[in-house]
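Please open the structure in your viewer, with the sequence beside it, and follow the stops below in order. At each stop, select what is named and look around it before moving on.

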Amino acid sequence: MALDFLAGCAGGVAGVIVGHPFDTVKVLGLYKGLGSPLMGLTFINALVFGVQGNTLRALGQDSPLNQFLAGAAAGAIQCVICCPMELAKTRLQLQAAGPARAYKGSLDCLVQIYRHEGLRGINRGMVSTLLRETPSFGVYFLTYDVLTRAMGCEPGDRLLVPKLLLAGGTSGITSWLSTYPMDVVKSRLQADGLQGTPRYRGIVDCMRQSYQAEGWQVFTRGLASTLLRAFPVNAATFATVTVVLTYIRGEEDQVDSEAAPGASTTPAGPALAQPSSL
């Protein structure tokens, strides 16, 4: 439904506003390359929440397995946008500063990649991105649904917003923890060959060489700063989506109630609209 996309868009905006300062910690290039995620994050969130909500409705039953499957489907589909967007960000961060820069911005970067490498170049790292995003988003939505139900998140609860923030932030952390090593591999594959001869023949070879050269710690490098950013960003995203959906649903129900013949004149209280179960 269009409401899922609208709420996801609002959540994306909230996530960008909250997460923007944290990128100065995670990325050594400071704000270099941020144009790409800022352009796409709002649309990606709209796509993710829209696909997840519609997939769950298509599955017909709100169960833990279906929560995971709907989230996984959303994660897989958004890779079409996420993978090129992160590729552009990686190349912008790695290019030398100064007037001799190869790319003027995210769009120019993707255009040049397409001209020289075609669609295969644009989709470099797609398999590793799918292996990261598909299970990650399954865990993401499943965790949020379980936590909000366990904490009894209902309209009228004076602690509703803090509970939603806690559930959303925790969902972001568990999502990253579930697939972070694959994110390391994906980033290395997308950066491979940009500043010299390509080193890796694929995902398995990248994992093998990385482990042999740097040990198992290589697969957790940058994890602390990623989790530091993940909690507030996903707390803001999920809480915003839930509140927006709850408000819109309440307005629609009130209009339907007023339009229905013989409807009660006493308005019913709005039910909490779970983004995963509408």
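**First stop: a pair of salt bridges at one residue**

Select Glu117 and Arg124, which form a salt bridge whose closest N and O atoms are 3.6 Å apart; the term stands for a side-chain nitrogen of Lys or Arg within 4 Å of a carboxyl oxygen of Asp or Glu. This is a predicted model, in which local features need pLDDT of at least 70 and side-chain atom pairs count only at pLDDT 80 or more, while totals for chains, interfaces and linings use all residues. Residues are numbered from 1 along each chain as its sequence is written, and side-chain values use heavy atoms, with hydrogens and water left out.

Keep Glu117 selected and add Arg91, since the side chains of Arg91 and Glu117 also meet in a salt bridge (3.1 Å, N to O). This pair links distant parts of the chain, with Arg91 in helix H5 (residues 79-94) and Glu117 in helix H6 (residues 106-122), 26 residues apart; helices here are DSSP runs of H or I with at least four residues, numbered from the N terminus. Colouring by accessibility shows Arg91 as buried at 5% relative accessibility, whereas Glu117 counts as partly exposed at 33%, and Arg124 is likewise partly exposed, with a relative accessible area of 25%. In these terms, buried means under 20% relative accessible area, exposed means over 50%, and partly exposed lies in between (1.4 Å probe, protein chains only).

Next, select Glu86, Arg132, Glu133, Asp183 and Lys186, which are joined into one network by salt bridges that share partners. The structure holds 12 salt bridges.

**Second stop: the Arg149 end of H7**

Select Arg149 and Asp62, whose side chains meet in a salt bridge (2.6 Å, N to O). Arg149 lies in helix H7 and Asp62 in the loop between H3 and helix H4 (64-77), so far along the chain that 87 residues separate them. Arg149 is partly exposed, with a relative accessible area of 46%, and Asp62 is partly exposed as well, at 38%.

Now add Asp145, which also has its place in helix H7 and is buried, with a relative accessible area of 5%. The side chain of Asp145 makes a polar contact with the side chain of Arg149 (3.0 Å), a polar contact being a pair of N or O atoms within 3.5 Å, where within protein one must be able to donate a hydrogen and the other to accept it, and residues adjacent in sequence count only if both atoms are side-chain atoms.

**Third stop: the aromatic rings**

Which residues form one aromatic cluster? Select Phe49, Phe137, Tyr140, Phe141, Tyr144 and Phe238 to see the cluster that they form. A search of the whole structure finds eight aromatic pairs, where rings of Phe, Tyr and Trp (its six-membered ring) pair if their centres lie within 6.5 Å, and planes under 30 degrees apart count as stacked, over 60 as edge-to-face and the rest as tilted.

The rings of Phe49 and Phe141 have centres 5.3 Å apart and planes at 75 degrees, so this pair is edge-to-face. Because Phe49 lies in helix H3 (residues 35-59) and Phe141 in helix H7 (residues 126-150), the pair ties together parts that are 92 residues apart in sequence. Both Phe49 and Phe141 are buried.

Turn then to Tyr144 and Phe238, whose ring centres are 3.8 Å apart with planes at 5 degrees, so the pair is stacked. Tyr144 lies in helix H7 and Phe238 in helix H10 (residues 223-259), so this pair ties together parts that are 94 residues apart in sequence. Tyr144 is buried, with a relative accessible area of 0%, and Phe238 is buried, also at 0%.

**Fourth stop: a glycine in H7**

Select Gly138, which lies in helix H7 and counts as buried at 0% relative accessibility. Leaving aside its neighbours within four places in sequence, Gly138 is in contact (heavy atoms within 4.5 Å) with Gln67, Phe68, Gly71 and Ala72. The C-alpha atoms of Gly138 and Ala73 are separated by 7.8 Å, although these residues are 65 residues apart along the chain.

**Last stop: the end of H9**

Finally, select Gly215, which follows H9 and has a positive phi, near 80 degrees.

Methods:
Helices (H or I, at least four residues) and strands (E, at least two) are DSSP runs, numbered from the N terminus.
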